[in-house]
Amino acid sequence: MLARRGVRCLVAALLWSAAAAQLRYSVSEEVTEGTVVGNIAKDLGIDKNTLKQRKYRIVSSAAEPLFHLNPTDGILYVNRKIDREEVCERSSSCLMNLKTVLENPLEVHYVVVEILDVNDHVPTFPDNETRLEISESALPGARFQLQRALDPDSGSNSVQSYKLSQNEHFRLEVMDRGEDGKIPVLHLHRALDKETARSHRLLLTAADAGKPPRSGNMNIIIDVLDVNDNMPTFTKDSYGAVLNENSPVGTTILQVNATDVDDGLNGEVVYSFGNNVHNKLRQLFEIDTVTGEIIVKGLIDFEAKDRYQLDIKASDKGPVTLSTEKSVIIKILDLNDNAPEIEVTSFSSAIPENSKLGTTVALLSVHDEDSGLNGKVMCSISEEVPFTLTPSLQDSMFSIVTKSQLDREHQSRYEVTITARDAGDPPLSSFRTITVTVSDVNDNRPVFSVSPVTFHLMENNFPGRFLFSVSATDSDEGDNALVTYSIVRSGEEDKRMSTFLNINSDNGHISALKSFDFETVKSFQFQVVATDSGSPSLSSNVTVNVFILDQNDNPPVILYPVNSNGSAEGVEEIPRNVNAGHLVTKVRAYDADVGYNGWLLFSLQQVSDHSLFGLDRYTGQIRTLRSFTETDEAEHKLVVLVKDNGNVSLSATATVLVKVVEPKEAFAASDVKSSAKVDEDTDVTFYLMITLGSVSVLFIISIIVLIAMQCSKSPDYTSKYLQETNYDGTLCHSIQYRSGDKRYMLVGPRMSIGSTIVPGSHANTLVLPDRRRPTEEVGGEL
């Protein structure tokens with residue numbers, strides 16, 4: 001019931017630069033934990049679905065705050081049991097100022113919660129019984145100040161009235177001391193007579209105005225004394241002094257003086273604090289009982305209280321002590337003894353580098369406990385940072401905003417120092433440093449270390465093995481700097497080669513899915529794209545040029561001599577009457593490699609007579625070194641070694657069997673041999689044409705066109721021995737074909753299927769003689 005009665009909501013909105021508002025609620029003390037104070041989100045019109053995302057919270061430095069804000073629904077709850085007398089001691093109004101903060105965008109709302117008093121305390125006198133000694137000579141009208149009752153409650157729940165039990169001699173007066181409450185004063189209405197009554201017993205009741213009201217009692221025992229009929233009298237009607245705060249202990253503030261016209265002990269005056277001087281004041285001040293000097297006893301702080309009122313009592317030492325009281329007003333003078341305090345109300349520790357100018361980084365509140373110029377605060381910020389300090393509409397509030405463009409890659413962290421300085425003399429200042437981190441935005445593309453990239457790759461690489469790598473860096477951080485690699489697979493030629501490549505997307509390592517052959521492809525080009533992982537992602541590409549390096553992986557191939565079985569063997573017949581230097585034959589070979597790997601050298605590995613035959617090292621021509629004699633054998637075997645010039649040279653051999661015949665026999669044998677070779681070559685050409693036709697129809701069509709062109713021309717006839725003086729002895733490729741009754745051998749660089757063969761070149765086309773024609777001619781001569 002206390003919670004239902006205590007929670008009342010007074011909503012007063014005060015907008016602050018469209019981002020701050022102030023609400024006012026009230027709640028009774030002593031309500032249970034979890035009591036609803038008010039729905040802040042609803043009263044401010046804030047969508048409660050965004051509260052948790054925007055981190056709605058109360059900014060408080062208290063270890064155990066009085067209130068709790070639910071970040072989900074925006075309702076303010078009582079966090080723990082509230083004792084108003086503990087929170088707002090001796091204060092007529094108890095207001096709790098709360099700061100609530102929303103982020104994204106940043107908003108500050110001020111909430112004032114008034115703690116309402118509940119009549120939960122009974123008025124209590126310091127003593128249950130007090131004893132007064134009053135001389136019988138006391139005149140009617142004499143007043144005796146009594147100890148007031150204390151009630152921690154406020155307002156109507158505090159002590160409101162006193163009541164004295166019915167009697168003949170005394171009446172009760174109440175003196176209102178404002179902040180110090182109501183003081184009961186006993187008024188002597190009728191003179192006392194000790195002979196009639198030696199003492200009087202009265203009952204003083206203090207009551208508050210709560211609902212229901214509460215009260216407390218104190219017994220007053222009055223002892224009637226014999227005559228000491230003059231009270232001490234102060235020499236001044238009023239006393240006042242001005243005291244600097246932080247005055248040292250032992251400082252004399254002022255001196256009071258009172259006199260008593262009585263003689264002896266009845267006229268000797270002693271000083272003390274009045275009965276109603278609070279214990280806290282007794283800890284700050286003390287009075288010399290003999291001299292009446294008021295002395296500083298504790299720390300005097302202007303910010304705690306700027307004015308003190310002390311009741312000083314002057315008493316004589318008569319048998320029946322007479323006393324009088326006088327109030328002393330002490331005003332505290334403020335000194336600049338408090339440095340400004342800087343409180344970071346809200347702070348965005350990380351701010352994107354693409355933030356607009358004027359973006360709020362933090363909200364600050366500055367407070368100085370001093371007053372006047374001592375409490376006037378000026379704030380500044382370090383100049384070497386891209387931020388500035390702007391005052392807000394509300395006093396002592398400042399915003400830190402961006403004043404220039406941020407770039408995380410230039411500087412990612414700033415130490416911002418805020419200086420608060422008051423206007424005192426000398427001025428006091430304080431500093432607060434906050435660290436602002438510039439968060440990354442994906443505004444930088446990956447950059448390759450080299451562009452374009454050139455790699456040289458040895459042919460016959462192992463498929464799947466690492467070949468080379470490309471590398472790109474991104475000056476962003478995190479995912480924005482995480483680079484992945486891919487190969488652009490576009491374009492006909494590039495696409496054909498890039499399909500045989502694979503790239504590791506994480507590190508840019510490139511491997512081939514096949515082994516490259518220099519004789520097939522000598523270079524190719526492709527593009528690699530480096531893409532970061534930002535959103536949206538940025539990318540850049542680089543052209544990679546790959547040059548295949550030749551290896552000596554092709555042995556020489558013998559083109560001539562070649563027999564019907566495909567072996568590099570041949571028989572040559574020469575007349576016995578030839579002279580020295582006669583060309584016996586020419587060994588022809590080619591190597592698919594290039595450079596030194598394809599440069600062929602010829603040598604005689606085996607010869608029956610070294611004095612008879614010689615071999616040209618570069619052309620492969622076999623010539624006679626001298627004329628034949630009758631003693632020379634009729635048959636000679638020559639083994640020719642053909643090797644390239646690679647680091648690890650490869651070689652092939654050809655066997656030439658030279659038969660020495662008589663001149664007439666040479667012509668006859670030549671006719672028979674030509675006929676046999678025509679039949680053999682016809683079969684070889686037939687099989688070759690079938691093979692080429694199965695590989696490519698286009699190639700067959702080209703051959704047909706080539707044959708037609710050759711048929712329309714009259715090629716030169718070469719001798720049986722295929723003499724060509726300008727030939728260098730190294731062939732790369734050859735194709736044999738027949739046109740009519742003639743056979744042709746096309747010699748040239750190695751060509752892939754689909755290449756165009758242009759006939760008619762004397763340098764590349766050898767005409768093989770039709771051996772049947774010489775036979776006919778010989779027969780005609782005979």
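**A hairpin, an open sheet and the salt bridges of a predicted model**

Strands β7 and β8 form a hairpin with four residues between them, and Asn 104 in the turn has a positive phi of about 50°. The model described here is predicted. The two strands of the hairpin, β7 (95-102) and β8 (107-116), run antiparallel and are joined by eight bridges. Within this pairing, Val 101 stands opposite Val 108 of β8.

The turn itself holds two backbone features. Asn 104 lies in the loop between β7 and β8, and its phi near 50° is a positive value in a residue other than glycine. The peptide bond that joins Asn 104 and Pro 105 is cis, with omega about 0°. Is Asn 104 buried or exposed? Its relative accessibility is 64%, so Asn 104 counts as exposed.

The strand that follows the turn is mostly covered: nine of the 10 residues of β8 are buried. Besides its antiparallel pairing with β7, β8 pairs in the parallel sense with strand β2 (residues 22-28), over seven bridges. In that pairing, Arg 24 has Val 112 of β8 as its bridge partner.

Similar backbone features can be found elsewhere in the chain. A cis peptide bond also runs from Lys 211 to Pro 212, with omega near -5°. Pro 212 is placed in the loop between β14 (199-208) and β15 (215-225). Asn 246 has a positive phi of about 65° although it is not a glycine. The place of Asn 246 is the loop between β17 (239-244) and β18 (252-255), and with a relative accessible area of 35% this residue is partly exposed.

Further along the chain is an open sheet. Four strands make it up, in the order β34-β41-β40-β37, and their pairing is mixed. The edges are taken by β34 (453-458) and β37 (483-488); each has a single partner strand, so one side of each is left without a neighbour in the sheet. From one strand to the next the twist averages 30°. Inside the sheet, strand β40 (residues 523-532) and strand β41 (residues 539-549) pair in the antiparallel sense over nine bridges. Ala 530 has Ser 540 in β41 as its bridge partner.

Ala 530 also appears among the contacts of Ala 472, a residue of strand β36 (residues 472-473). Which residues does Ala 472 touch, not counting residues up to four places away in sequence? They are Pro 446, Val 447, Phe 448, Val 483, Tyr 485 and Ala 530. Ala 472 has a relative accessible area of 8% and is buried. Ala 472 and Asp 532 are 60 residues apart in sequence, and their C-alpha atoms are 9.9 Å apart in space.

Charged side chains supply another set of links, and a search of the whole structure finds 16 salt bridges. One of them is between the side chains of Glu 129 and Arg 201, at 3.8 Å from N to O. Glu 129 is in strand β9 (residues 129-135) and Arg 201 is in strand β14, so the pair ties together parts that are 72 residues apart in sequence. Glu 129 is partly exposed at a relative accessible area of 43%, whereas Arg 201, at 57%, is exposed.

Another salt bridge joins the side chains of Arg 143 and Glu 173, with an N to O distance of 2.8 Å. Here strand β10 (residues 143-145) holds Arg 143 and strand β12 (residues 170-176) holds Glu 173, so parts 30 residues apart in sequence are tied together. Glu 173 counts as partly exposed, at 30% relative accessibility.

The side chains of Glu 268 and Lys 317 also meet in a salt bridge, at 2.6 Å from N to O. This pair links distant parts of the chain, 49 residues apart: Glu 268 is in the loop between β19 (258-259) and β20 (269-273), and Lys 317 is in the loop between β23 (307-316) and β24 (323-333). Glu 268 counts as partly exposed at 35% relative accessibility, and Lys 317 is partly exposed at 35%. Salt bridges that share partners join Arg 408, Glu 409, Asp 440 and Glu 477 into one network.

Some totals complete the picture. The secondary structure of the protein chain comes to eight helices and 54 strands. Of its 782 residues, 44% are buried. Among contacts with a separation of 6 or more, 67% are between residues 24 or more positions apart. The accessible surface of the protein chain comes to about 40,800 Å², and 51% of this surface belongs to carbon and sulfur atoms.

Technical notes
Residues numbered from 1 in each chain as written. Predicted model: local features only at pLDDT ≥ 70, side-chain atom pairs only at ≥ 80, totals over all residues. Heavy atoms only, no water. Pairing = 2+ DSSP bridges. Axes fitted to C-alpha atoms, helices over the stretch in contact; angles between N-to-C directions. Buried < 20%, exposed > 50% of the residue type's maximum accessible area, 1.4 Å probe, protein only. Contact = heavy atoms within 4.5 Å. Areas by Shrake-Rupley, 256 points an atom, 1.4 Å probe, with all protein chains shown as cover. Salt bridge = Lys/Arg side-chain N within 4 Å of Asp/Glu carboxyl O.
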